[in-house]
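Hi,

Here's the structure I said I'd pass along. Have a look at it first, and my notes follow underneath.

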Amino acid sequence: MQALWMLLASAMFAIMGSFVKLSTEHGASLAQVVLFRGLPSIILLLIWARAARQSIVPNSWRLHVWRNLSGVTSMWLGFYAISHLPLATATSLNYTAPLFIACWMLGWGGAQRDLVRVVAVVLGFLGVIAVLRPSINDDQWLAALLGLLAGALSAIAMMQIRQLGRVGEPEWRTVLFFSLAVCLSSVVGLALQGWGSADLMGYFALVGVGTAGLFGQLAMTRAFGHGSALLTAALQYTTIIFAAFIGVGVWGDMLDSLAWAGMGLIIAAGLLSVWRTMRDPAQG
């Protein structure tokens with residue numbers, strides 16, 4: 001059952017990415033996309049906290065600040081990449097976080113002689129090169145680099161989430177404060193960009209962003225809370241596969257064999273890095 005929850009989460013996140021791309025194609029601004037991504041989670045979690053008489057006061061404001069700075073920035077950059085790149089390419093770049101975590105372990109985490117992490121990093125970034133080289137145009141390199149930066153910032157956010165778990169912060173409260181930060185950032189974006197000019201299809205896609213993102217978050221939380229964390233972390237990479245098929249089916253993204261091989265390398269390297277980290281909690 002745990003595997004089914006994670007597969008559902010992966011499918012929902014891939015669908016969310018497709019709605020992000022669709023909404024921007026129909027006039028929605030990135031600030032609107034970010035707002036609709038965070039608002040449903042805030043409403044649902046506040047209602048639940050009120051009904052369950054749960055306190056929303058966090059255990060560590062400092063960890064939340066750093067988690068949200070990195071996570072919200074990663075979301076903005078990731079959504080920008082999705083709106084300007086083929087869906088599978090942008091999704092692959094957004095899922096490079098475990099590779100950056102492995103790089104950190106090698107450089108500063110006391111894992112300099114860890115052959116497994118070295119292999120994971122080499123394979124992963126060979127995969128990134130393979131994905132980028134055949135699948136983006138000259139005017140898409142900025143979006144590609146920002147997508148890769150989104151993966152790096154996501155790695156920082158993941159490490160902060162790990163620290164929040166260690167100080168006893170419940171997952172729902174972490175998601176709530178992240179969603180609040182997402183919406184606050186969208187207000188700043190709306191002040192700078194304006195409301196946007198989304199048409200009816202654009203608003204339909206914006207609702208889809210929030211709905212798919214919320215169900216994906218809930219399904220992922222359910223999956224991580226039951227059973228093997230390694231299996232759950234491994235199955236999250238099916239998001240790349242779902243995104244690839246959606247991109248081909250909806251946008252006609254034609255990826256050649258080198259791009260598919262690159263995605264395979266990113267998935268394999270991420271799984272290797274996750275496996276190594278979970279086998280060695282002291283360094284993870």
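How are α3 and α8 oriented to each other? One thing to keep in mind while you look: this is a predicted model.

The axes of helix α3 (residues 61-84) and helix α8 (residues 171-193) cross at roughly 55° and come within 9 Å. Angles of 65 to 115 degrees would count as roughly perpendicular and those under 35 degrees as roughly parallel, so α3 and α8 are oblique to each other. Their crossing is right-handed.

As for who touches whom, α3 brings Trp61, His64, Arg67, Asn68, Gly71, Val72, Met75 and Trp76 to the contact. From α8 come Arg173, Thr174, Phe177, Phe178, Ala181, Val182, Ser185, Ser186 and Gly189. That contact is a mixed bag: eight of its residues are nonpolar, seven polar and two charged.

Next, a couple of residues in helix α7 (residues 141-166), starting with Leu164. Leu164 has a relative accessible area of 0%, so it is buried. Leaving aside neighbours within four places in sequence, Leu164 is in contact with Ser60, Leu63, His64, Arg67, Glu169 and Thr174. Among those, Thr174 sits ten residues from Leu164 along the chain, with 7.8 Å between their C-alpha atoms. You'll recognise His64 and Arg67 on the α3 side and Thr174 on the α8 side from the helix contact above.

Gln160 is in α7 too. Is Gln160 buried or exposed? Its relative accessible area is 17%, and the cut-off for buried is under 20%, so Gln160 counts as buried. Not counting residues up to four places away in sequence, Gln160 touches Leu63, Trp66 and Arg67. Leu63 and Arg67 also turn up in the list for Leu164.

Finally, the nonpolar cores. In soluble globular proteins, nonpolar side chains tend to be buried together. Here the largest nonpolar core has 57 residues, and those with the most contacts inside it are Val33, Phe79, Leu85, Leu93, Ile240 and Met263. Helix α1 (residues 2-25) supplies the largest share of this core, with eight residues. If you want one residue to click on, try Phe79: beyond its neighbours within four places in sequence, Phe79 is in contact with Met16, Val20, Leu30, Val33, Val34 and Arg37. Apart from this core lies another, of five residues, including Leu45, Ala49, Trp172 and Val175.

Cheers

Definitions and conventions: Residues are numbered from 1 along each chain as its sequence is written. This is a predicted model: local features need pLDDT of at least 70, side-chain atom pairs count only at pLDDT 80 or more; totals for chains, interfaces and linings use all residues. Side-chain values use heavy atoms; hydrogens and water are left out. Axes are lines fitted to C-alpha atoms, for helices over the stretch in contact, and angles run from 0 to 180 degrees between N-to-C directions. Helices (H or I, at least four residues) and strands (E, at least two) are DSSP runs, numbered from the N terminus. Angles under 35 degrees count as roughly parallel, over 145 as roughly antiparallel, 65 to 115 as roughly perpendicular and the rest as oblique. A crossing is left-handed if the near helix is turned anticlockwise from the far one by less than a right angle, and right-handed if clockwise. Contact means heavy atoms within 4.5 Å. Ala, Val, Leu, Ile, Met, Phe, Trp, Tyr, Cys and Pro count as nonpolar, Asp, Glu, Lys and Arg as charged, and the others, Gly among them, as polar. Buried means under 20% relative accessible area, exposed over 50%, partly exposed in between (1.4 Å probe, protein chains only). A nonpolar core is a set of buried Ala, Val, Leu, Ile, Met, Phe, Trp, Tyr and Cys residues joined through side-chain atoms within 4.5 Å.
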